[in-house]
Amino acid sequence: KFKTAAPGRFFKCGVAEQNMMGVASGLAMQGFLPFVYTIAPFCTARCLEQIRIDVAYHNLPVTIIGVGAGLSYANLGPTHHSVDDISFLRSIPNLRIFNPSGPDELEACLELVERHPGPTYIRMGKKGEPSLHKTPPNAATIKNPISLKTGRDICLLSSGTILAEAFAASQLLKESGIDAALYSLPMVKPLPTDEIIEMIKKYSFLVVIEEHSKIGGIGSALSEIITDHNIHKPRLLKFGVPDQFIKCAGSQKYARAQVGMSADLLCKQILIELGDTFNENNCGDSYPNRKAS
């Protein structure tokens, strides 16, 4: 549709992502606002040097759109999984990282990019993700943790398309007697440190849920904040993809279940960690033989 509407502003670079990032950088140097778009692992890992040197080092207004992040392309195997991108990209200076959960958060991210151009990575899903916000976020609110559900017992903090599973898990926890707050964190870098500290100090138990490796992602970033600011609470529980290649092929829903990240398995594992007794029927049929790290 974009190519039809604006053929002079559309360039198909083919299977040459390193070159595509260089083309985008050159356009940015000439005053354009280029958007690079392809499957997430191919516009990040494949051209990491070009992101680091061509885009970030020169602080250019290039927006990298990674479609199908996390396990969205689970049916195509590890070559198409993108569960390490936040880890290696958040260490690159100047580069902002957004991880929107659905179309409403994505629109707010694009609004912010338009107002404040700069090196940016937007990590989006594949298609069909729901809009979970009663009030759609905007360029101002997208930078901070966004409350989706209040709760007094524990706090769930999620980012990206896994937010829908986190929301469902919070409902299942409610049925088991646990009143869980739920926050979305669309902006991964820079993290809104002051707002996060204010939020987590309210709870003694914080659960981070992300469709990314447990190493180097949002859970790790939260651990850094807690350590750097000498915060003695909360207890932090991290759910993510284990440190291994997920070699089974299937749907995204299937892959999530294999790593314990479906709503029912999240609910059960959280209750195990809380040490509460519960009726297994409250949280689905399958019972995990694993615990979160």
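Trainee: In which helix is Ser 220 found, and is Ser 220 buried or exposed?

Mentor: In this predicted model, Ser 220 is found in helix 8, which runs through residues 218-228. To decide on burial, one looks at the relative accessible area and asks whether the value falls under 20%. Ser 220 has a relative accessible area of 14%, and therefore counts as buried.

Trainee: Which residues does Ser 220 touch, once residues up to four places away in sequence are not counted?

Mentor: With those neighbours set aside, Ser 220 touches Arg 90, Lys 214, Ile 215 and Lys 238.

Trainee: Ile 215 is in that list; where is the place of Ile 215, and which residues is Ile 215 in contact with beyond its neighbours within four places in sequence?

Mentor: Ile 215 lies in the loop between strand 9 and helix 8, and at 48% relative accessibility Ile 215 counts as partly exposed. Leaving its sequence neighbours aside, Ile 215 is in contact with Ser 87, Ser 220 and Asp 243, so that the pair with Ser 220 appears again when read from the side of Ile 215.

Trainee: How many residues apart in sequence are Ile 215 and Cys 267, and how many Å apart in space?

Mentor: Separation along the chain and separation in space are two readings, and it helps to state both. Cys 267 and Ile 215 are 52 residues apart in sequence and 22 Å apart in space, taken from C-alpha to C-alpha, whereas Ile 215 and Asn 75 are 140 residues apart in sequence and 23 Å apart in space. Cys 267 itself belongs to helix 10, residues 263-274, and is buried, with a relative accessible area of 0%.

Trainee: Going back to helix 8, which of its residues are buried, and what do they pack against?

Mentor: The buried residues of helix 8 are Ile 218, Gly 219, Ser 220, Ala 221, Leu 222, Ile 225 and Ile 226. They pack against strand 6 (154-159), strand 8, helix 7, strand 9 (205-213) and strand 10 (235-241). Just after helix 8, Asn 230 takes a positive phi of about 55°.

Trainee: Helix 7 is one of those partners; at what angle do helix 7 and helix 8 pack, and which residues meet?

Mentor: To describe how two helices pack, one gives the angle and the distance between their axes, and then names the residues in contact. Helix 7 and helix 8 pack at an angle of about 80°, with their axes 11 Å apart, which makes helix 7 roughly perpendicular to helix 8. Thr 193, Ile 196, Ile 197 and Ile 200 in helix 7 meet Leu 222, Ile 225 and Ile 226 in helix 8. By class, the residues of this contact are six nonpolar, one polar and no charged.

Trainee: At what angle do the axes of helix 2 and helix 3 cross, and which residues make the contact?

Mentor: The axes of helix 2 (residues 17-29) and helix 3 (residues 48-56) come within 9 Å and cross at roughly 10°, which makes helix 2 roughly parallel to helix 3. Helix 2 brings Gln 18, Met 21, Gly 22 and Ser 25 to the contact, and helix 3 brings Gln 50, Ile 51, Asp 54 and Val 55. This contact has three nonpolar, four polar and one charged residues.

Trainee: Which residues of helix 2 are buried, and why are they on the same side of helix 2?

Mentor: The general idea comes from the helical repeat: an α-helix has 3.6 residues a turn, so residues three or four places apart point the same way. The buried residues of helix 2 are Glu 17, Met 20, Met 21, Ala 24, Ser 25 and Ala 28. Because they cover an arc of only 140° around the axis, they lie on the same side of helix 2. They pack against strand 1 (35-39), helix 3 and strand 2 (63-67).

Trainee: Which residue other than glycine has a phi near 75°, and where is that residue found?

Mentor: When phi is positive, one should check whether the residue is a glycine. Asn 94 is not, and has a phi near 75°; Asn 94 is found in the loop between helix 4 (85-89) and strand 3 (96-98), and counts as partly exposed at 43% relative accessibility. Asn 59, also not a glycine, has a positive phi of about 55° and is found in the loop between helix 3 and strand 2.

Definitions and conventions: Residues numbered from 1 in each chain as written. Predicted model: local features only at pLDDT ≥ 70, side-chain atom pairs only at ≥ 80, totals over all residues. Heavy atoms only, no water. Axes fitted to C-alpha atoms, helices over the stretch in contact; angles between N-to-C directions. Parallel < 35°, antiparallel > 145°, perpendicular 65-115°, else oblique. Contact = heavy atoms within 4.5 Å. Nonpolar A, V, L, I, M, F, W, Y, C, P; charged D, E, K, R; others polar. Buried < 20%, exposed > 50% of the residue type's maximum accessible area, 1.4 Å probe, protein only. Arc of directions from axis to C-beta.
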